[in-house]
Amino acid sequence: MTDSTRMLDMEAVRAFVWIAQMRSFTRAAEALHSTQSALSLKLKKLEEHLGRRLLERTPRQVRLSAEGAVFLDAARALVDAHEQAIGTLHTPQRRLVIGLSHQIAGMQLPAVLRHMHSQQPQIQFELRVAGSRELLSSLDAGTLDAALIIQFDDIRRRGEKLFAEPYGWVASIDAANRIREPIPLATQGEHCSIRNQAVRLLDRAGISWNEVYVGQGAAALGAAAAAGLAVAVLARAATPQGTMDVGPMLKLPALPVPNVFLYSNLTDSGSRSVLRTLAKAFKSAG
């Protein structure tokens, strides 16, 4: 195929797609605010350019040729990509400040960001990663537009539950077989509700433990676990490479499963659509 063959007339490709979808020059011309003769001319030029017959035409019927059927999906994709590219030039840039719980801003975040950029290229995202309490305070102060927060209950009764996010007793794969009681724990300290639930479960099960590392954020706890220093209670999304859930192997108590809730200060339909795309991206990446 020569370079000239690759350079397609987008208006001709769009005309082909509409005619093929509607099986009618008349209806396609109405939809495109054009005329039958204009569409016929565009289609003729496209077929000559490709050296292929794309449509079979009779006085009563318009149908795809075998080669036209092969070309249709690619033509649709080309038209969609072209319209999306043009649309970004006419859509005003907008900035949204989104808070993310540190427990869900894990290894899937790059995939989420790629998805958001492809679906919402006109939106500039500012992401702030923090604990649930800090994010809720920021929402109240109006410094966040929305936040994805992991917690056991919708304490504010206005959040949208997105998905469950299981927790595990996470430790280095290499160190897993060497862990003995008292269980060495990496936690965020006594202010952390997840930590307090975990140690209560250990106490009820009669399993001794020792808090050997205190850090702030899932990344810090995950680092301690990956280094073989401790067992950290982490959400699945925050589990670093080289670690595993050692709960079943060590017969540690099952941890409760919290949910990820979406809270928002935004009410307009456009913003809500962006947030739905963001929520879907996290669900798909999880």
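Begin by selecting G142: directly after helix α7, this residue adopts a positive phi of about 80 degrees. The model under inspection is predicted.

**Helix α7**

Extend the selection back over residues 132–141, which form helix α7. Here L135, L136, S138 and L139 are buried. Looking down the axis of α7, one finds these buried residues within an arc of 160 degrees, so they line one face of the helix. Rotate the view to the face turned away from that buried side, where the exposed residues R133, E134, D140 and A141 are found. To see what covers the buried residues of α7, display the strands β3 (94–101), β4 (123–130), β5 (146–151) and β12 (259–264), which are included in that cover.

**The nonpolar cores**

Select L148 next. Leaving aside residues up to four places away in sequence, L148 touches I98, G99, L100, S101, I104, L135, L162, V260, F261, L262, L278 and F282. L148 also belongs to the largest nonpolar core, which has 42 residues. Together with I98, W169, V231 and F282, L148 is among the residues with the most contacts inside this core. Highlight residues 269–285 as well: this is helix α11, which contributes six residues, the largest share of the core. A second core of 23 residues is separate, and V17, L50, V62 and F71 are among its members.

**The five-stranded sheet**

Now display the open sheet of five strands, whose order is β9-β8-β10-β7-β11 and whose pairing is mixed. At its edges stand β9 (209–214) and β11, each with a single partner strand, so one side of each has no neighbour in the sheet. On average, neighbouring strands of this sheet are turned by 40 degrees against each other, direction ignored.

Start at the β9 edge. Strand β8 (residues 183–187) runs parallel to β9 and is joined to it by five bridges. Select A186 to find Y213 of β9 standing opposite.

Move on to β7 (167–172). Six of the six residues of β7 are buried, so this strand is largely enclosed by the rest of the structure. β7 pairs with β10 in the antiparallel sense over four bridges, and Y167 has A235 in β10 as its bridge partner. The pairing of β7 with β11 is likewise antiparallel, over three bridges, and V170 has D245 of β11 as its bridge partner.

**Helices across the sheet**

Select residues 193–204 to bring up helix α8, which lies across β7, β8, β9 and β10 (231–235). Helix α8 runs at about 160 degrees to β9. Then add helix α9, residues 218–226, which lies across β7, β8, β9, β10 and β11. The direction of α9 is at about 135 degrees to β10.

**V246**

Next, select V246, in the loop between β11 (243–245) and α10 (247–250). Is V246 buried or exposed? V246 has a relative accessible area of 0%, so it counts as buried, for which the cut-off is under 20%. Beyond residues up to four places away in sequence, V246 touches W169, A171, A176 and V231. For a view across the model, add L78: the C-alpha atoms of V246 and L78 are 49 Å apart, and the two residues are 168 residues apart in sequence.

**Confidence**

Finally, colour the chain by pLDDT. The average is 85, and 92% of the residues score at least 70. Over residues 1–5, however, the pLDDT is below 50. Beyond near neighbours in sequence, this stretch has three contacts in the model.

Methods:
Residues are numbered from 1 along each chain as its sequence is written. This is a predicted model: local features need pLDDT of at least 70, side-chain atom pairs count only at pLDDT 80 or more; totals for chains, interfaces and linings use all residues. Side-chain values use heavy atoms; hydrogens and water are left out. A nonpolar core is a set of buried Ala, Val, Leu, Ile, Met, Phe, Trp, Tyr and Cys residues joined through side-chain atoms within 4.5 Å. Buried means under 20% relative accessible area, exposed over 50%, partly exposed in between (1.4 Å probe, protein chains only). Helices (H or I, at least four residues) and strands (E, at least two) are DSSP runs, numbered from the N terminus. Contact means heavy atoms within 4.5 Å. Two strands pair if DSSP finds at least two bridges between them. Axes are lines fitted to C-alpha atoms, for helices over the stretch in contact, and angles run from 0 to 180 degrees between N-to-C directions. pLDDT is the predictor's confidence in each residue, from 0 to 100. The arc is that of the directions from the helix axis to the C-beta atoms.
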